[in-house]
Amino acid sequence: MSEFDKKVSRRHTDSVKWDSIKETYQRDDLLPLWVADMDFLSPAGVKKAFENYVSQGLFGYSTISEKLYHAVINWEKQQHQVSLTKEHIVFTSGVLSSLAVAIQTFTEPGDSVLIHDPVYPPFSAIVESNHRQLIRSQLIEQNNKFMMDFQDMEKKIVEQQVKVVILCNPHNPGGRVWTKEELSQLSELCLKHKVLLFSDEIHQDLVFSTNHFNSMLTIDETLSQSLITFTSATKTFNLAAIKNSMVFIKNPKLKEQFEQRLLMNQQQDINTFGLIGTQAAYETGREWLSQLL
């Protein structure tokens with residue numbers, strides 16, 4: 001546990017978390033608890049991988065290595081029982097930018113997109129900045145936890161002709177780890193009304209027992225044909241600055257359309273440090289994550 005006992009000062013390092021306090025709040029004696037950014041050192045294996053890359057002194061264009069694909073596939077299978085192949089994976093620069101690309105790819109201006117309320121605020125910003133109609137379904141508070149209101153969701157899906165539902169799984173900011181039963185009900189709803197489901201699963205690894213994370217990719221094989229899942233190693237291993245994420249798409253047609261939009265936006269090239277950091281984290285970070293939790 002020694003790595004997690006070390007106090008690391010991040011002031012005067014251009015840290016968004018620590019160095020913007022005074023500008024934002026006109027005082028600097030506050031604790032910045034507003035951002036998903038840890039003050040623990042990232043895994044030693046990640047630092048070592050970066051050091052090895054920097055030491056060779058050349059920083060030209062990079063390809064995506066087979067080892068990286070293998071690392072992602074192994075992590076998802078061993079940690080979350082998600083079965084993937086290389087053909088299901090698209091590397092991107094971030095979950096939010098990928099959500100924006102997906103909105104642009106699979107909806108048109110004026111189309112309705114449903115999100116929960118409350119939910120991670122950038123979801124609404126992405127929908128509205130792309131000139132789609134934002135539909136909110138209020139979460140219900142029962143027994144001191146949030147629950148999805150499936151009756152309200154179905155009513156709005158029908159009445160507003162919703163094309164896409166965006167799920168935050170696990171839920172941010174409510175802290176809910178959705179159960180398999182809840183996700184199955186959501187799956188049935190989307191399949192019934194032929195609605196695409198975008199599942200943001202970036203917090204998949206940061207779940208405390210006795211909760212168990214269930215990826216939407218494990219709920220219903222039929223749903224996988226109308227499902228796009230987004231995740232990243234960055235939240236898990238405190239690597240937000242490396243700007244790398246993965247989009248899992250099992251439907252070949254949807255994947256082709258998504259990749260074509262990336263190409264149109266010139267977003268197909270990924271930061272090399274993102275690729276290296278993600279591979280190293282998944283290859284070397286399992287014990288680190290266990291100690292972190």
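## Pockets, a cavity and a surface patch

In this predicted model, 43 residues line the largest pocket, and Ala36, Asp37, Leu239, Ala240 and Ala241 are the ones nearest its centre. The space in that pocket comes to about 1200 Å³. Below you will also find the second largest pocket, with about 670 Å³ of space, a cavity of about 30 Å³, and a nonpolar surface patch of about 350 Å².

**The largest pocket**

- Four helices each bring at least two residues to the lining of the largest pocket: α1 (16-19), α3 (44-55), α5 (95-106) and α9 (234-237).
- Of the contributions to this lining, that of α3 is the most, at four residues.
- Sorted by class, the lining of the largest pocket holds 21 nonpolar, 12 polar and 10 charged residues.

**The second largest pocket**

- In the second largest pocket there is about 670 Å³ of space.
- This second largest pocket has 29 lining residues, and Ala36, Met38, His203, Leu206 and Phe208 sit closest to its centre.
- Ala36 is worth finding in your viewer: it is listed among the residues nearest the centre of the largest pocket, and it is also listed among those closest to the centre of the second largest pocket.
- The lining of the second largest pocket is made up of 17 nonpolar residues, eight polar ones and four charged ones.

**The enclosed cavity**

- How many cavities of 30 Å³ or more does the structure hold? There is one, and the volume of the largest cavity is about 30 Å³.
- Seven names make up the lining of the largest cavity: Thr92, Ser93, Ser97, Ser98, Val101, Leu262 and Gln267.
- Helix α5 gives the most to this cavity lining, with three residues; α5 is also one of the helices with at least two residues in the lining of the largest pocket.
- By class, two residues of the cavity lining are nonpolar and five are polar, with no charged residues.

**The nonpolar surface patch**

- Val16, Tyr25 and Trp34 together make a nonpolar patch of about 350 Å² on the surface.
- Within this trio, Val16 belongs to helix α1, a helix that also supplies at least two residues of the lining of the largest pocket.
- Is Val16 buried or exposed? Val16 counts as exposed because its relative accessibility is 55%, and the cut-off for exposed is over 50%.

Technical notes
Residues numbered from 1 in each chain as written. Predicted model: local features only at pLDDT ≥ 70, side-chain atom pairs only at ≥ 80, totals over all residues. Heavy atoms only, no water. 1 Å grid on protein atoms, 1.4 Å probe; cavity = no way out; pocket = protein on both sides within 12 Å on 5 of 7 lines; lining within 4 Å. Points joined across faces, edges and corners; volume = space filled by probe spheres on them. Nonpolar A, V, L, I, M, F, W, Y, C, P; charged D, E, K, R; others polar. Patch = residues over 30% accessible without salt bridge, like charges linked within 9 Å, V, L, I, M, F, W, Y side chains within 5 Å. Areas by Shrake-Rupley, 256 points an atom, 1.4 Å probe, with all protein chains shown as cover. Salt bridge = Lys/Arg side-chain N within 4 Å of Asp/Glu carboxyl O. Buried < 20%, exposed > 50% of the residue type's maximum accessible area, 1.4 Å probe, protein only.
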